Structure formats: structure tokens, C-alpha cells
Amino acid sequence: MVARIISMLRESLSGFFTNAIVAFLILVVGYIIGRLLGRLIERGLQEIEINFLAMRLTGLRIPIEQVIGGIVMYGTYVITILLVFDKLGIGALAFTFIGGAIVFLLIVSTLMSLKDILPNLLAWIILSRQGI
């Protein structure tokens, strides 16, 4: 009976360690793929000179190549992390946590931008009422 318990414990731990090793490999491969995709997208956009086209159309100097490359890279990282969590058996918890973190960051960034916009908006309203 004790041998049976030890055998069951050994099987469950070996399964966990196998999943942990596979999760680590997914993490490494996802990191490499994310870096490569981000750089590939950035270089492809440099070839078509998208920053120059955007500057001609909008008049703004925005590094669109780097922004889009970064979005692709970090999007790949997020997908990789979700795959790792799923492999470790914490998929639903991961989705909930990451979704909550994204909502929290959106709320904080909105409040931070309102902090800068509201004083200017109030000053504009006061000045427009005074006719200045």
C-alpha cells in the first residue's frame, strides 16, 4: 500500500516536471520568435519607408516602424506566456489576471492623461467665457 502511494506520487511529480520543462521550452521559443518577428516587421516597414510616408501625410514624426514592431513583439510574448500558463494548468487564472491587469492599466493611464487635460480644459472654458 505504501509502495502504491509512492508510485502514484512519483507519477504525478514526473508529469509536473515534464510539463514544467515543456513550459520552459515554450517560453524560450516564444521569446526568440517574438524578437525575430518584431525585428522582421520593423525592417519590412523600414523597406517601404512607412515613417516617411506617415510624416508626409500627417506632418508628425512618429516612429511607426518601432511602434508596430514592438506591438508584434510584445503581443507574441503575451501569447507565449498564456501558452505557458495553460501548459502548467493555470490557464483560466492567467486569463483573469492578465485581463484584470490590462483593465487596471487602461484605467490608470486614462486617469493620468485626464490629470493633464482637465486644467487646460477648465482654463479654456474660463477664458472663452471672459472673451479673451
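**Group meeting: a helical model, walked through by element**

I start with the interior of helix 3, where the buried residues are Glu 65, Gly 69, Gly 70, Met 73, Thr 76, Tyr 77, Thr 80, Leu 82 and Val 84. Before going on: this is a predicted model.

Helix 3 covers residues 64-88, which is 25 residues. From first C-alpha to last it reaches 36 Å, close to the 36 Å expected at 1.5 Å a residue. On spacing, a general point: an α-helix has 3.6 residues a turn, so residues three or four places apart point the same way. You can hold that against the list of buried positions on your screen.

Take two residues from this helix. Gly 70 lies in helix 3, and it counts as buried because its relative accessibility is 16%, where the cut-off for buried is under 20%. For a long-range distance, Gly 70 and Gln 130 are 60 residues apart in sequence and 46 Å apart in space, C-alpha to C-alpha.

The second is Gln 66, also placed in helix 3. Is Gln 66 buried or partly exposed? Gln 66 counts as partly exposed, at 36% relative accessibility. Leaving aside residues up to four places away in sequence, Gln 66 touches Glu 42 and Asn 51. Its C-alpha is separated by 9.0 Å from that of Leu 45, with the two positions 21 residues apart along the chain.

After helix 3 comes Gly 89, with a positive phi near 90°.

Next is helix 4. Helix 4 runs over residues 91-130, 40 residues in total. The span from its first C-alpha to its last is 58 Å, close to the 58 Å expected at 1.5 Å a residue. There is a bend all the same: helix 4 turns by about 30° at Lys 115, and a proline, Pro 119, follows within four residues.

What does the buried part of helix 4 pack against? The buried residues in helix 4 are Gly 91, Ala 94 and Ile 98, and they pack against helix 3.

Lys 115 comes up again in the charge pairing. In general, side chains of opposite charge can pair when their charged atoms come close. Here, a search of the whole structure finds one salt bridge. The partners are Lys 115 and Asp 116, with a distance of 3.3 Å from N to O. Asp 116 is partly exposed, since its relative accessible area is 47%. So the salt bridge involves Lys 115, and the bend is placed at Lys 115 as well.

Helix 4 ends in a similar way on paper: Gly 131 follows, and its phi is positive, near 80°.

Now the surface. There is a nonpolar patch of about 850 Å², made by Ile 21, Phe 24, Leu 25, Leu 27, Val 28, Tyr 31, Ile 32, Leu 36 and Ile 81. Which element gives the most to the nonpolar patch? Helix 1, residues 2-47, gives the most, with eight residues.

Two patch members have their own entries. Ile 21 sits in helix 1 and counts as exposed because its relative accessibility is 54%; exposed starts over 50%. Tyr 31 is in helix 1 too, but is partly exposed, with a relative accessible area of 46%. The C-alpha atoms of Tyr 31 and Tyr 74 are separated by 9.4 Å, while the two residues are 43 apart along the chain.

One further residue of helix 1 is Arg 39, which counts as partly exposed at 46% relative accessibility. Arg 39 and Gly 100 are 61 residues apart in sequence and 29 Å apart in space, C-alpha to C-alpha.

Last, a backbone item to look at. Most residues other than glycine have a negative phi. Glu 49 has a positive phi of about 50°, although it is not a glycine. Where is Glu 49 found? Glu 49 is in the loop between helix 1 and helix 2, the latter being residues 50-58. Glu 49 is partly exposed, given a relative accessible area of 47%.

To recap: one salt bridge in the whole structure, a bend of about 30° in helix 4 at Lys 115, a nonpolar surface patch of about 850 Å², and a positive phi at Glu 49. That is the tour.

How values were computed. Residues numbered from 1 in each chain as written. Predicted model: local features only at pLDDT ≥ 70, side-chain atom pairs only at ≥ 80, totals over all residues. Heavy atoms only, no water. Patch = residues over 30% accessible without salt bridge, like charges linked within 9 Å, V, L, I, M, F, W, Y side chains within 5 Å. Areas by Shrake-Rupley, 256 points an atom, 1.4 Å probe, with all protein chains shown as cover. Salt bridge = Lys/Arg side-chain N within 4 Å of Asp/Glu carboxyl O. Helix = DSSP H or I, 4+ residues; strand = E, 2+ residues; numbered from the N terminus. Buried < 20%, exposed > 50% of the residue type's maximum accessible area, 1.4 Å probe, protein only. Expected span 1.5 Å × (residues − 1). Bend = angle between axes of the 7 residues up to and from the residue. Contact = heavy atoms within 4.5 Å.
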